[in-house]
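The exercises below ask you to work from the model itself, and each is followed by a solution in steps. Please keep the structure open while you read.

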Amino acid sequence: LLLLLLLLLLLLLLPRQTNAALSTEERGVLDLICNSLDPVDCPSSDFCVVDWVQCGGSPETVIEIDLSRKSLATEASLPPEITSLPNLRTLNIAFLGVNDLDDFLFQSTLLELNFAGNPLMTFPMTVLGASSLTSLNLAQTQISAVPMTINALSALNSLDLTSNTLSLFAPDESMLSLTELYLGDNQINSVAFLAHTPNLLKLNMKANALGDDNFSDICQGAPKLVELDVGYNAMITHVPASLSNLVSLQVLGLS
């Protein structure tokens, strides 16, 4: 019995050989990624223990990649093969310096994408292929327009478009799953989109081009709001009586 216990203890102390569980294709993609980083961040044996990869499942597979604290090597680019990882659920490349996602074929299995702080300039249309997406962050990406077909992301709960140069947000059909919408620090002067976002709980319209009529329209068109920020809109001069419609409101930003 003592010998058996010693053997069990020895097995527990042995290093995990997780890489062996990853498919050849997954290891190949991870090799491409780690060699594009500065400094190169390739593990000697086990990809699943590096800080930018999270594995899960049985057998283990890559479910999350977070490169938000990394840098790309000079003249290197993020390999589009990253989107071929079959079980990837979360991809975070915030502030990585990526400026083109045209070759990235995002799969329907993805749930969370964070592209904040990358100079994309235009909305990455390939994102619309990620039909199961629940969270999309495009803050500070220098985009000036969002396609009306954004509603194709029918499972989207949270959309962050903060600090861009948008003058309009206008999905052409309802986004019933959307509960959090962050549009602060843009140039938006209309809230007509509220007709297509009836279930909003959090809305940030700080530092746009809204006026008193827009504020009133929000109070009437988004009755489920729990958090609302309309601060730093110079043309908002007073709080409308219709604010009383927001019976669930807990947080109100006016400055």
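**Exercises on the sheet and its helices**

Strand E2 (residues 61–66) and strand E3 (residues 90–92) run parallel and are paired over three bridges, where strands are DSSP runs of E with at least two residues, helices are runs of H or I with at least four, and both are numbered from the N terminus; two strands count as paired if DSSP finds at least two bridges between them. This is a predicted model, in which local features need pLDDT of at least 70 and side-chain atom pairs count only at pLDDT 80 or more, while totals for chains, interfaces and linings use all residues. Residues are numbered from 1 along each chain as its sequence is written, and side-chain values use heavy atoms, with hydrogens and water left out.

**Exercise 1.** Determine which residues stand opposite each other on the two sides of E2, and in which sense E1 and E2 run.

*Solution.* Begin on the E3 side, where isoleucine 65 has leucine 91 as its bridge partner. Then turn to E1, which runs antiparallel to E2 and is joined to it by four bridges; here cysteine 55 lies opposite valine 62 of E2. Finally, follow the chain between E1 and E2, which form a hairpin with four residues between them, and note that glycine 57 in the turn has a positive phi of about 85°.

**Exercise 2.** Place these strands in the whole sheet, and find its edge strands.

*Solution.* The ten strands follow one another from E1 to E10 in the order E1-E2-E3-E4-E5-E6-E7-E8-E9-E10, forming an open sheet with mixed pairing. Its edges are strand E1 (53–56) and strand E10 (251–253), each of which pairs on one side only. Between neighbouring strands the average turn is 10°, direction ignored, with axes fitted to C-alpha atoms (for helices over the stretch in contact) and angles running from 0 to 180 degrees between N-to-C directions.

**Exercise 3.** Describe how helices H2 and H3 are placed, and what covers the buried residues of H3.

*Solution.* Helix H2 (residues 24–35) lies across E1 and E2, and runs at about 15° to E2. In helix H3 (residues 212–221), the buried residues, meaning those under 20% relative accessible area with a 1.4 Å probe and protein chains only, include Asn214, Phe215, Ser216, Ile218 and Cys219. Their cover, judged by contact (heavy atoms within 4.5 Å), includes strand E8 (202–204), strand E9 (227–229) and E10.

Notes
Buried means under 20% relative accessible area, exposed over 50%, partly exposed in between (1.4 Å probe, protein chains only).
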